Amino acid sequence: MDISRINSHLQKLLLLESKLPTVACCSLQEPWDWRHDGADTFADLQSLAKTVAVSLGFSNVTFTVAIAKQRRDVGGHIELLQNQKEVFLEVDDDLLRHPAAVPAVICHEVMHKFLYDADVWLLDATENEMLTDIGCVYAGFGKFMLNGCESTGYDNRQGAPTALRIGYVPREEL
């Protein structure tokens, strides 16, 4: 990794440290199996989003997760509006074949809301996405980001293993 990327990441960390409340860096979150019994994917996604949201201090905000096809190279999307008490987010349907990637995407999308509410963002879209990934690590979700950023799964339709890379900060830079 070159020195300019290191400096860029450090600047993002300093921005987060200066703008976010201390609750954002409360404790390291241990990975957990987000699939409880495999029977109800929607309920498991809601539970995962709620767990992430509560750890970031969103105790009075409801996060609703839907499964929807996203644009190429997009794992999820979140609706951001001021003063929301109900937040809608989507995860790509292909993502479900990569269970380790799902918490990373949920953390990333909920972090978007956290940063939005804290009025922390960068004008450049790619830099802002990188800030969001770094924010996840800063808030204690580093293991989710590491476990999910590169994943292998199995595609029953094609009868073959598949590889997935998600996130904006490469694994070696997390």
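Begin with the contacts across the whole chain: in this predicted model, 64% of the contacts between residues at least 6 apart in sequence join residues at least 24 apart. With the full protein still selected, note that buried residues make up 44% of its 174 residues, and that the surface it exposes comes to about 9400 Å², of which carbon and sulfur atoms supply 53%. Switching to a cartoon view, you can count four helices and five strands, which follow one another along the sequence in the pattern α-α-β-β-β-α-α-β-β.

**The sheet**

Next select β1 (62-67), together with β2 (76-78) and β3 (86-91). These three strands form an open sheet with mixed pairing, and their order across the sheet is β1-β3-β2. Because β1 and β2 stand at the edges and have a single partner strand each, one side of each is left without a neighbour in the sheet. From one strand to the next, the twist averages 20°.

Narrow the selection to β2 and β3, which run antiparallel and are joined by three bridges. To find one of the paired positions, pick H77 and look across to β3, where its bridge partner is E90.

**Helices across the sheet**

Now add helix α2, residues 41-55, which lies across β1 and β3 and runs at about 140° to β1. Then add α3 (101-117), a helix that lies across β1, β2 and β3 and runs at about 20° to β2.

**The α1 and α4 crossing**

Hide the strands and show helix α1, residues 3-19, with α4 (125-149). Two packed helices are described by the angle between their axes and the distance between the axes. Here the axes of α1 and α4 come within 10 Å and cross at roughly 65°, and the crossing is right-handed. To see what makes the contact, display the side chains of R5, S8, H9, K12, L13, L15, L16 and E17 on α1, and those of E127, M130, L131, I134, G135 and Y138 on α4. Sorted by class, the contact of these two helices has seven nonpolar, three polar and four charged residues.

**The residue ahead of α3**

Select A100, which lies in the loop between β3 and α3. Is A100 buried, partly exposed or exposed? With a relative accessibility of 33%, A100 counts as partly exposed. Leaving aside residues up to four places away in sequence, A100 touches F144, N147, G148 and S151. If you draw a C-alpha to C-alpha distance from A100 to N147, you should find 6.0 Å between two residues that are 47 apart in sequence.

**Two positive phi angles**

Finish in two loops, keeping in mind that most residues other than glycine have a negative phi. The first stop is N83, in the loop between β2 and β3, where phi is near 55°, a positive value in a residue other than glycine. N83 is exposed, its relative accessible area being 72%. Then move to D119, in the loop between α3 and α4. Although D119 is not a glycine, its phi is positive, at about 60°. D119 counts as exposed because its relative accessibility is 52%, and the cut-off for exposed is over 50%.

Terms used
Residues are numbered from 1 along each chain as its sequence is written. This is a predicted model: local features need pLDDT of at least 70, side-chain atom pairs count only at pLDDT 80 or more; totals for chains, interfaces and linings use all residues. Side-chain values use heavy atoms; hydrogens and water are left out. Buried means under 20% relative accessible area, exposed over 50%, partly exposed in between (1.4 Å probe, protein chains only). Contact means heavy atoms within 4.5 Å. Accessible areas come from the Shrake-Rupley method with a 1.4 Å probe; for residues, only the protein chains shown count as cover. Two strands pair if DSSP finds at least two bridges between them. Axes are lines fitted to C-alpha atoms, for helices over the stretch in contact, and angles run from 0 to 180 degrees between N-to-C directions. A crossing is left-handed if the near helix is turned anticlockwise from the far one by less than a right angle, and right-handed if clockwise. Ala, Val, Leu, Ile, Met, Phe, Trp, Tyr, Cys and Pro count as nonpolar, Asp, Glu, Lys and Arg as charged, and the others, Gly among them, as polar.
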